[in-house]
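Take a look at the two chains shown here. This report goes through their helices, their sheets and the places where they meet.

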Amino acid sequence: MPTIKNLDDLKRIREEALEKRKLKTASGNVQVVVGMGTCGIAAGARETMKAILDTIEKENLSGITVTQTGCIGLCEREPIVMVTVGEEPKVTYGKVTPEVARRILKDHVGAGKIVEDHKIAM
Amino acid sequence: MRELSLHLLDIAENSVNAKAGNVEILVSEDTRTDRLRMTIQDDGEGMDAETVARVTDPFVTSRTTRKVGLGLPFLKMAAESCNGYLTVQSQKGVGTRVEVEFQLSHIDRMPLGDLTGTILSLVIGFPQVHWTFTYRGNDHEFIFDDRLIKAELDGVSLCEPEVLKYLRETISTGIQACQPVNHTSDLSS
């Protein structure tokens, strides 16, 4: 299997991640879901996803789970991103460009301030 | 959609929606035969013969949120305009295999685009699925099997910053190392 360059790298990453998890206080988990149906992808959802992952990597943000979902029937407002912070109710955002995605991570996930101008009333 | 890798992301999404546990993706660029091929094979629910026959019709979709499905018809049209084809083989309860081929050098062929971004999106976005990705450039092959990585991580999220960095670098350097030298594609990391 030529797939993994160095398994020791991963072992080290895992141990560091577990260590960090222990240190983390009860700030709660963050769930980020990106809509990736045909409509979402055509509207640029992969670049939105990429911006989210890049920001997590560059800003070293731990404890955020990013997943995908298919079309939720709001094709005209794609790319759509849904954010749930801890026990708070889910917030759905529309027209989430990479720029908006970075704002959501900074303001909503980072500071608890909902990005009102892109929020969709569900 | 302007990139083949975006179509790939879209078609692979169908596999997830069909409740596949294992999805195998192959992307192959061969400068000697001048062909670019992508296959997506899953062990999802599959379709009966009648549905398979109609699946490239834009007005057929299994989704209930809207009535048209444009993913496969779009890609089929793109392939056929580049001396290529798209085939769908499926069996109820066994799975589905989509194969699409293009003339590599055809002037109308879309660029592959950000293949790393597509694979990363799938692996991160659907962690419950076992993803195998193979990139082949002429005789060079890169295989990415996320089962090994998930086993090693043992429950640590794929979205941890260091894990993301590791995945992104592994996939992008793996692809780059196998790309045919006399063919300038535009894979970005």
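## A helix that reaches across

Helix H4(B) lies across E1 and E2 of chain A. Its direction makes about 105 degrees with that of E2(A). Keep in mind that this is a predicted model.

How many of the residues of H4(B) are buried? The count is eleven of eleven, and the helix is mostly covered. The buried residues of H4(B) include Leu115(B), Ile119(B), Leu122(B) and Ile124(B). Small and polar names are on that list too, among them Gly117(B), Thr118(B), Ser121(B) and Gly125(B).

## H4(B) and its partner helix

H4(B) spans residues 115–125, and it packs with helix H6(B), residues 161–178. The angle between them is about 140 degrees, and their axes are 9 Å apart. Angles over 145 degrees would count as roughly antiparallel, so this value makes H4(B) oblique to H6(B). The crossing of the two helices is right-handed.

Which residues meet here? H4(B) brings Leu115(B), Thr116(B), Ile119(B), Leu120(B) and Val123(B). H6(B) brings Leu167(B), Arg168(B), Ile171(B), Ser172(B) and Ile175(B).

## The sheet of chain A

Now to chain A. Its secondary structure comes to four helices and four strands. From the N terminus on, the elements run α-β-α-α-β-β-β-α. The four strands form an open sheet in the order E2-E1-E3-E4, with mixed pairing. Strands E2(A) and E4(A), the latter at residues 91–93, are the edges, and each pairs on one side only. Neighbouring strands are turned by 20 degrees against each other on average, direction ignored.

Strand E1(A), residues 30–35, has a partner on each side. Six bridges join E1(A) to E2(A), residues 64–69, and these two strands run parallel. In this pair, Val33(A) stands opposite Thr67(A). Five bridges join E1(A) to E3(A), residues 81–85, and here the strands run antiparallel. Gln31(A) stands opposite Thr84(A) in that pair. Helix H4(A), residues 98–111, lies across E1, E2, E3 and E4 of chain A. H4(A) runs at about 15 degrees to E3(A).

## The sheet of chain B

Chain B has an open sheet of six strands, ordered E3-E4-E2-E1-E5-E6, again with mixed pairing. Which strands are at the edges? They are E3(B), residues 85–91, and E6(B), residues 140–145; each pairs on one side only. The average turn between neighbouring strands of this sheet is 10 degrees, direction ignored.

Helix H1(B), residues 4–17, packs on the sheet. H1(B) touches E1(B), E2(B) at residues 35–42 and E4(B) at residues 95–103. The direction of H1(B) makes about 20 degrees with that of E2(B). Elsewhere in the sheet, eight bridges join E1(B), residues 22–30, to E5(B), residues 130–137. Those two strands run parallel. Val27(B) has Tyr135(B) as its bridge partner in E5(B).

## The largest nonpolar core

How many residues are in the largest nonpolar core? There are 76. Ile52(A), Val81(A) and Ala12(B) touch the most other members. The largest share of this core, seven residues, comes from H1(B).

What does Val81(A) contact, leaving aside its neighbours within four places in sequence? The list includes Val32(A), Val33(A) and Val34(A). Thr48(A), Tyr93(A), Val96(A), Ala101(A) and Ile104(A) are also in contact with Val81(A). Over the 122 residues of chain A, 32% count as buried. Many contacts in chain A span long stretches of sequence: among those between residues at least 6 apart, 65% join residues at least 24 apart.

## Where the chains touch

The contact between the chains takes 39 residues from chain A and 37 residues from chain B. On the side of chain A, H1 (7–23), H2 (38–42), H3 (45–59) and E2 each supply at least two residues. Which element gives the largest share of that side? H1(A) does, with nine residues.

Key
Residues numbered from 1 in each chain as written. Chains lettered and ligands numbered in written order. Predicted model: local features only at pLDDT ≥ 70, side-chain atom pairs only at ≥ 80, totals over all residues. Pairing = 2+ DSSP bridges. Axes fitted to C-alpha atoms, helices over the stretch in contact; angles between N-to-C directions. Contact = placed C-beta atoms within 7 Å. Core = buried A, V, L, I, M, F, W, Y, C linked by C-beta atoms within 7 Å. Buried ≥ 20, exposed ≤ 12 C-beta atoms within 10 Å, placed from the backbone. Parallel < 35°, antiparallel > 145°, perpendicular 65-115°, else oblique. Left-handed = near helix turned anticlockwise from the far one by under 90°.
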